[in-house]
Amino acid sequence: MSEQVHPERASSTLEFDPHDPSITASNLHEIYDDLRSGCPVSRGSKYGGYWLLTRYDDVRAAALDADTFSSAHGVYLPAVSEERFPLLEMDDPEHRAYRKVLASRFNNMVAKRWEPRIREIVNELVDSFVDRGEADLVADFAEPLPLTVIGEVFGLSPENRAQVRKDAFDFLACASGSPDAAEALERMLSRWERLAAERREEPADDLLTSLTQANFGEWDGSDRLIARLMFTLSFGGHDTTILVLGSMLLHLARNPEQRRQLIDDPSLIPAAVEELLRLYAPLHNFRRDATRDTTVGGREIQAGDPVLLGWGAANRDPEKFPDPAKADFTRPNARDHLTFGAGTHACIGQFIARVELVTALDVVLARLGEYELAGEPTVTGLTGGGHHHGVEHLPVRFTAGPR
Ligand code: HEM
């Protein structure tokens, strides 16, 4: 897969525990840099033992080789639930059957058609706080934006949208090992299951109804699996976008010269979004399980070993992205980042996410101009099952005005 590492490096004892509370926003990338240069394929001893890949080429190659690196045992370490979350935690051909059912709703063309409505939503959100001269750009903006968008794209009622956010917190607690979280997970899955049964009785014009009517071929398309699919889509469809949009807005607050560049030339925004996606991946790793003995970077991985694909570490590999910690909006290969994964499981929502992020920056920069920090932002280490990273609070002040 990648060239052999020096034996001394390969035997390094560097160990990474994604749940280690001493990992913070400020030391996270130093830790990855040490691992990547000292022990790019490292062994962790907890949770029954696992590997972490930190080099771009290794992470990408593993993501592309789904026959050797299976998702079917779960993408969390340790597993969050004994049942699988469809798509994310399935292998082909079952995974492909599910993905096919969703393909017509989640593609670039459909995402582009949503752009005008997303622009309206973004403007309405800015309207809601612009006269105050201050805001928390996460609570007032980054959080409601993807929730409103998926609410409309999925056809969720307002009460279901609020519930989706609550579900996300329950799930994150569950992924972090909170004791009563399994109950919360069960509660929310039963709710989706009930809704799916209702749609079978009384079809509506929404995503859930179309899933109850879909043909999953020889694979199980029961309400239980549809419930878990709706959860995967609704959780994946908002939490990641909140975290990364917060990171982007914080980056621009801290780098006013780059923000000026975008205000002066908004045509740079799509390229800036790719570069900021590379720098601030909201999901830092996902698990696979080796289906056979294999070798990565000189380390022997045995069949059955869990392997974490380090998207966040790979995105800052200097071999792939020179001067990786620098935001360079003209970086020619920024779009090669692994923030949306790669291969058969590459993010199905990436097109809609990109439309949201580009539109959000375009409107915020046009309407809030040179906003500045009005307090300490909260930036996470690794939370939510040891792989979420981003901004949770972003207090700013501004003098609103046109570009
Ligand atoms: C910036 C926002 C987003 C990021 C960073 C992100 C990240 C990812 C990543 C890394 C994967 C690959 C998982 C793997 O290889 O195991 C993935 C898959 C997925 N994402 Fe996203 N995602 C985002 C937005 C969305 C949105 C908006 C939706 C839905 C509307 C969505 C739904 C999904 C689903 C269903 C999968 C599973 C795909 C499969 O296994 O075939 N995501 N996402």
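**Helix packing, sheets and the ligand shell**

In helix H12, Thr241, Leu245, Met248 and Leu249 meet Ala353, Glu356, Leu357, Ala360, Leu361 and Val364 of helix H16. By class, the residues of this contact between H12 and H16 comprise 8 nonpolar, 1 polar and 1 charged. The two axes cross at roughly 35° and come within 11 Å, and the crossing of H12 past H16 is right-handed. These values come from a predicted model. Its mean pLDDT is 92, with 95% of the residues of the protein at 70 or more.

Helix H16 also packs against helix H5, which spans residues 108–129. For this pair the angle is about 35° and the axes lie 8 Å apart; H5 passes H16 in a right-handed crossing. On the H5 side the contact is made by Asn108, Ala111, Lys112, Trp114, Glu115, Ile118, Arg119, Val122, Asn123 and Val126. On the H16 side the contributing residues are Phe351, Ile352, Val355, Glu356, Thr359, Ala360, Val363, Val364 and Arg367. The contact of H5 with H16 consists of 11 nonpolar, 3 polar and 5 charged residues. Glu356, Ala360 and Val364 of H16 take part in the contact with H5, and Glu356, Ala360 and Val364 are likewise among the H16 residues that meet H12.

The ligand is surrounded by 27 residues, of which the closest are Gly236, Gly237, Gly341, Cys347 and Gly349. Helix H11 (223–236), helix H12 (239–254) and helix H16 (350–368) are the elements that give two or more residues to this shell. The shell around the ligand contains 16 nonpolar, 10 polar and 1 charged residues. H12 and H16 therefore appear both in the shell and in the right-handed crossing described above.Two open sheets were examined. One has 5 strands in the order S1-S2-S8-S5-S3, with mixed pairing. Strand S1 (41–44) and strand S3 form its edges, each pairing on one side only. Strand S3, residues 69–70, pairs with strand S5, residues 286–290, in the antiparallel sense over 2 bridges. Within this pair, phenylalanine 69 has alanine 290 of S5 as its bridge partner. S5 is also paired with strand S8 (residues 306–309), again in the antiparallel sense and over 4 bridges; here the bridge partner of phenylalanine 286 is leucine 309 in S8. Helix H3 (residues 56–64) lies across S1, strand S2 (50–53), S3, S5 and S8, and runs at about 120° to S8.

The other open sheet has 3 strands, ordered S4-S12-S9, and its pairing is antiparallel. Strand S4 (134–136) and strand S9 (372–373) stand at the edges; each has a single partner strand, so one side of each is left without a neighbour in the sheet. S9 is joined by 2 bridges to strand S12 (residues 395–397), and the two run antiparallel. Leucine 373 stands opposite valine 396 in S12.

Confidence falls at the start of the chain, where pLDDT stays under 50 over residues 1–12. For residues 1–12 the model has 19 contacts beyond four places in sequence. Where pLDDT is low, the predicted coordinates should not be read in detail.

Terms used:
Residues are numbered from 1 along each chain as its sequence is written. This is a predicted model: local features need pLDDT of at least 70, side-chain atom pairs count only at pLDDT 80 or more; totals for chains, interfaces and linings use all residues. A residue is near a molecule or strand if its C-beta atom, placed from the backbone, lies within 6 Å of it. Ala, Val, Leu, Ile, Met, Phe, Trp, Tyr, Cys and Pro count as nonpolar, Asp, Glu, Lys and Arg as charged, and the others, Gly among them, as polar. Two strands pair if DSSP finds at least two bridges between them. Axes are lines fitted to C-alpha atoms, for helices over the stretch in contact, and angles run from 0 to 180 degrees between N-to-C directions. A crossing is left-handed if the near helix is turned anticlockwise from the far one by less than a right angle, and right-handed if clockwise. Two residues are in contact if their C-beta atoms, placed from the backbone, lie within 7 Å. pLDDT is the predictor's confidence in each residue, from 0 to 100.
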